[in-house]
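Work through the exercises below with the structure in view. Each task is followed by a solution in steps.

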Amino acid sequence: MINSDIQPPLLFRRSALRQAILSCVLIGGSCTLMGFSNVSAANESAANIDRYEARTFMALDPQTLYDILENTPGANSLLNALNDTSENRGFGSAGEQILINSKRMSGKENSLAKELDSIQAQDVDYIELIRGTRSDLDVQSNGLVINVVLKKDIEPSILWTLGTVKTADIKPYSRGSLTYSASIDNFKYRVGMSHSVNPTEISSSEYFTSINQVHTQTNTRVRDNIYTTSQLSAKLEYVYSDKTSMQLNGIYEEIKVDATISNDGEYLVKNTQEYKALVYDWARDKWEISGDISHEYNDDHQLKLLFISNRADSDDKIWHSVSKGGNILLPDYTLPRIYTSKENVLRTNWRYKLNPRHTFDSGFEVAINELNEDLQFIRQSGATYRSTELNDIKETRYEAFSNYNFAMSAAINLQSSLIYERSTIDVATDLLLVSDTLHNAQSDTSRTFNYLKPRLNLRYDLNEIYQMRFNYQRTVSQLELKDFVPWFDSYESRLEEANPDLKPEVRDELSFAFEKQWQNTNGSLTVTPYYHKISDLINEVLLAKRSGDGNIDSAKEYGIKLETNFGLEALGLNNTLVSANYTWRESDVVHPFTGERGPIERVSKNEWRVKLNQNDILPGLSLSLTLEDKSRYEFYYYDYQGNVDTKITANAFIDYQMTKNLKLRLKGDNLLNDRYTVHKARHTALFTESDFLRQERRDNERAPRFSLILTGQF
């Protein structure tokens, strides 16, 4: 622990008018308050900031920046968010809440998570924990932002890892990485390579029970999955002058997935058996170039530019085989899929500081994303059946934004912003079906979405201990391009249809956070009630043949989030950091199948996570343990409805600092097998209009995985 769609034009115009009025009230009201007066720098609001110098965290002999943040109060919630958030296309105005030298990461494949593992701890100068808003940040914040400031000069050094990973009956695999960092005058550079293997074994037992409570069928599935990545990366940073700097990142990655799913089916009534096997062979090549340029014209004007260009070429194959009453597996069907995805993004902004209290930040972003796919279904048994579907999907998205920051006093800061987003999605499909006859169908659709997204954030520091934050914002989800193409359901062994009329989900989000800090232990407690008014909720709805993702006009979600971190010095446990969060939520929506009101599907009412970091249990010995769980949630599909009941999951690691520059880590994932149970009540057709068929229960678990990793630097 460290101490110290095209939308109806009239509807859009009305909606846009309401949004524009609201935004003008927010921003215009702010301008009335500020008066555009010239004031002294002494009146400028200073965000609530905790600063940790290098000498503080280097006492724990960390190897990487990630090691430092794991033991920084409040940082664990942001580290967890790196894994919890879905990756959006483009940059957007929100962004991840960990900055490097006050800048957001400009890469996607070259992600922030990878950056934290590549930056050596000895290159960190200090860390700022910023609670609330601040005008000079590259991202919008409603809570904690961490700014990591690196040293200007970096000594030549190598960071390396070497390890092995093992799970269940899968053989052990080796993994490792090598990163070289150095600087020459105003030029910094880093090159690296890595090879990683993540083996996983997932097993499930499925039981079918008839309407007469007779056990009719048992399915036993085991999936062995080997996920392999090999990567080359480079980063260049050049400070041209005190006012101009640039960064350039490059990455090339090869990903391979080899998986086998075996399914033993026992039909108890007929006294027969069936054996099925699915074999996956997926290969993907990715490359990306990204970067940013910053130029300070003077103390009041700053220009920034960020860009990304990436591409992924994939060749995925699935083979399905069946054996009925014998031991020989016979080919049933194959599912080859070849696709290419591309993304090109350019974002620029101009920041103008009118005076120490008033700052404006305006700009635009253009993002072009493409997905070209060739998907086939080839039947290898029975009557001839072969389908080939070609999909060319392109999204062009524009975003214009204007942000205003008003430092009302040393304790009060107001931020308001207005974002206009316009996106056009073009989908061209060519379907060829060969069976007894030949069928061909083509379609070409284009839809445009327009949204205004206002935001208002107010931070008020009551004193050094208490802080209040109010936040309102409108968020619009991004549709995945793959949502417009069929997808393969391995449990049902079929292709699921896509919805060409799917629209983004819109949320008007209100929250009020109250935070207390404990200065003697560097801990804090934050309570955040929230309310979301949802339009066009993305949910399971009826489609042409069965069901899939669609939109429900309105819904709501509300709840309370608790987040805390603290030390245990009062109990005599020094060098201990506890980080915990809990969310209670309720939701309400009209069920699209039954027409009755109920909770949103796949949303848990309760969710929690606790992480314990204990350093120096014995000299050089440290421990980290993470526990998490969530309550049961409901879901439904065309011919069934059900729920998922999860159990507590646990991950941990033990570190032993062998020397100052050499560390050994034993890491355990899925220590409690990540168990969960799926219950389904299946019907003969649409479950609201057909007879009950059977009850299904599937018990799932993931085998524990252990890694032994040696990390060093020189």
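**Exercise 1.** Find which side chains make a polar contact with the side chain of aspartate 430.

Solution. In this predicted model, the side chain of aspartate 430 makes a polar contact with that of asparagine 440, at 3.0 Å. A polar contact also joins the side chains of aspartate 430 and glutamine 442, at 3.2 Å. Both distances can be checked against the cut-off of 3.5 Å for a polar contact.

**Exercise 2.** Describe the surroundings of aspartate 430, and decide whether aspartate 430 is buried, partly exposed or exposed.

Solution. Start with the strand: aspartate 430 belongs to strand E16, residues 412-434. Next, list the contacts beyond four places in sequence: Thr388, Glu389, Leu390, Asn440, Ala441 and Gln442. Then take a distance along the chain: aspartate 374 is 56 residues away from aspartate 430, and their C-alpha atoms are 9.7 Å apart. Finally, the relative accessible area of aspartate 430 is 25%, so this residue is partly exposed.

**Exercise 3.** Classify the ring pair of tyrosine 180 and tyrosine 189, then that of phenylalanine 635 and tyrosine 640.

Solution. A pair of aromatic rings is described by the distance between the centres and the angle between the planes. For tyrosine 180 and tyrosine 189, the centres are 6.1 Å apart and the planes meet at 50°, so the pair is tilted. For phenylalanine 635 and tyrosine 640, the centres are 6.1 Å apart and the planes are at 80°, an edge-to-face pair.

Now add accessibility. Tyrosine 180 is partly exposed at 29%, and tyrosine 189 is partly exposed at 22%. Phenylalanine 635, at 5%, is buried, and tyrosine 640 is buried at 8%. Ring pairs also link Tyr180 and Tyr189 with Phe187 in a cluster. The structure holds 15 aromatic pairs.

**Exercise 4.** Identify the ring under the charged end of arginine 51, and the ring under that of lysine 561.

Solution. The charged end of arginine 51 sits over the ring of tyrosine 126, 3.5 Å from the ring centre. For lysine 561, the ring is that of tyrosine 530, with the charged end 5.2 Å from its centre.

**Exercise 5.** State how many residues the largest nonpolar core has, and which elements supply at least two of them.

Solution. The largest nonpolar core has 24 residues; Leu65, Leu69, Val124, Ile127 and Ile146 have the most contacts inside it. Helices H2, H3, H4 and H5 and strands E2, E3 and E4 each supply at least two of its residues. A second, separate core has 14 residues, including Tyr339, Leu371, Leu479 and Leu481.

Definitions and conventions:
Residues are numbered from 1 along each chain as its sequence is written. This is a predicted model: local features need pLDDT of at least 70, side-chain atom pairs count only at pLDDT 80 or more; totals for chains, interfaces and linings use all residues. Side-chain values use heavy atoms; hydrogens and water are left out. A nonpolar core is a set of buried Ala, Val, Leu, Ile, Met, Phe, Trp, Tyr and Cys residues joined through side-chain atoms within 4.5 Å. Buried means under 20% relative accessible area, exposed over 50%, partly exposed in between (1.4 Å probe, protein chains only). Helices (H or I, at least four residues) and strands (E, at least two) are DSSP runs, numbered from the N terminus. Rings of Phe, Tyr and Trp (its six-membered ring) pair if their centres lie within 6.5 Å; planes under 30 degrees apart count as stacked, over 60 as edge-to-face and the rest as tilted. A charge sits over a ring if NZ of Lys or CZ of Arg is within 6 Å of the ring centre and within 35 degrees of the ring normal. Contact means heavy atoms within 4.5 Å. A polar contact is a pair of N or O atoms within 3.5 Å; within protein, one must be able to donate a hydrogen and the other to accept it, and residues adjacent in sequence count only if both atoms are side-chain atoms.
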